[in-house]
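Work through the exercises below with the sequence and the 3D view open. Each task is followed by a solution in steps.

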Amino acid sequence: MRRGHRCLHVSQVALLISVMLASWQSPVQAQGKESPVGHPTFYRTTQVDGLSIFYREAGPKDAPTILLLHGLPSSSRMFEPLFARLSDRYHLVAPDYPGFGHSDWPDPKKFAYTFDHFAEIMNHFTEALGLSRYTLYMQDYGGPACTPERPSV
């Protein structure tokens, strides 16, 4: 351990997480009255470039769409709290990249695990779902995975 740094005991980490989660509750939840989920989360897959891409989807399809791209090391599951809070107002779509979560895990000898390739697959994913207009919400790894390099004209 480096000087000036200290490790937290597991019980301290659990307490810290509990405090953080409690601070995220809505006033209704804090009073012990949870509101019912009006828009359940659906768990789906679609074929993209020969791969089965898993994704979570919730909210009204006619609402503004938010495409949620996860970070590393994670999956679309990281967005469950946002789904619970936003699915009444937004159409939420959160895919798992290839090699993450419930999507296919292709052999690295035959599949390029690069940001450019992930960007291409996410572009094809949005096309497969017919998402022509959406807002991106991304975590670290999602940034380079959402913008494929295009040749300059």
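## Exercises on strand β2 and its surroundings

The hairpin formed by β1 and β2 has two residues between the strands, and Asp49 in the turn has a positive phi of about 50°. The model used here is a predicted one.

**Exercise 1.** Find which strands pair with β2, and in which sense.

Solution.
- Step 1. Start with β1 (residues 42-48), which pairs with β2 in the antiparallel sense over seven bridges. Within this pairing, Phe42 stands opposite Glu57 of β2.
- Step 2. Turn to β4 (residues 91-95), which also pairs with β2 in the antiparallel sense, over four bridges. Here Arg56 has Ala94 in β4 as its bridge partner.

**Exercise 2.** Decide how many of the residues of strand β2 are buried, and what follows for the strand.

Solution.
- Step 1. Side chains in a regular strand alternate between the two faces of the sheet.
- Step 2. Sort the residues by direction: Leu51, Ile53, Tyr55 and Glu57 point one way from β2, while Ser52, Phe54, Arg56 and Ala58 point the other way.
- Step 3. Apply the cut-off for buried, under 20% relative accessible area. Arg56 at 6% is therefore buried, and Glu57 at 5% is buried too.
- Step 4. Count over residues 51-58: eight of the eight are buried, so β2 is largely enclosed by the rest of the structure.

**Exercise 3.** Identify the salt-bridge partners of Arg56 and Glu57, and state whether each partner is buried, partly exposed or exposed.

Solution.
- Step 1. The whole structure holds five salt bridges.
- Step 2. One of them joins the side chains of Arg56 and Glu80, at 3.4 Å from N to O. Because Arg56 lies in β2 and Glu80 in helix α3 (residues 80-86), this pair ties together parts that are 24 residues apart in sequence. Glu80 is partly exposed, at 34% relative accessibility.
- Step 3. Glu57 forms a salt bridge with Lys61, with the closest N and O atoms 3.5 Å apart. Lys61 is exposed, at 62%.
- Step 4. For another pair, take Arg89 and Asp88, whose closest N and O atoms are 3.7 Å apart. Salt bridges that share partners join Arg44, Glu57 and Lys61 into one network.

**Exercise 4.** Find which residues make the nonpolar surface patch of about 220 Å², and locate Tyr134.

Solution.
- Step 1. The patch is made by Tyr134, Leu136 and Met138.
- Step 2. Tyr134 lies in the loop between α4 (115-129) and β5 (135-138).
- Step 3. With a relative accessible area of 31%, Tyr134 is partly exposed.

Methods:
Residues are numbered from 1 along each chain as its sequence is written. This is a predicted model: local features need pLDDT of at least 70, side-chain atom pairs count only at pLDDT 80 or more; totals for chains, interfaces and linings use all residues. Side-chain values use heavy atoms; hydrogens and water are left out. Patches are made of residues with over 30% relative accessible area and no salt bridge: like charges are joined within 9 Å, nonpolar side chains (Val, Leu, Ile, Met, Phe, Trp, Tyr) within 5 Å. Accessible areas come from the Shrake-Rupley method with a 1.4 Å probe; for residues, only the protein chains shown count as cover. A salt bridge is a side-chain nitrogen of Lys or Arg within 4 Å of a carboxyl oxygen of Asp or Glu. Buried means under 20% relative accessible area, exposed over 50%, partly exposed in between (1.4 Å probe, protein chains only). Two strands pair if DSSP finds at least two bridges between them.
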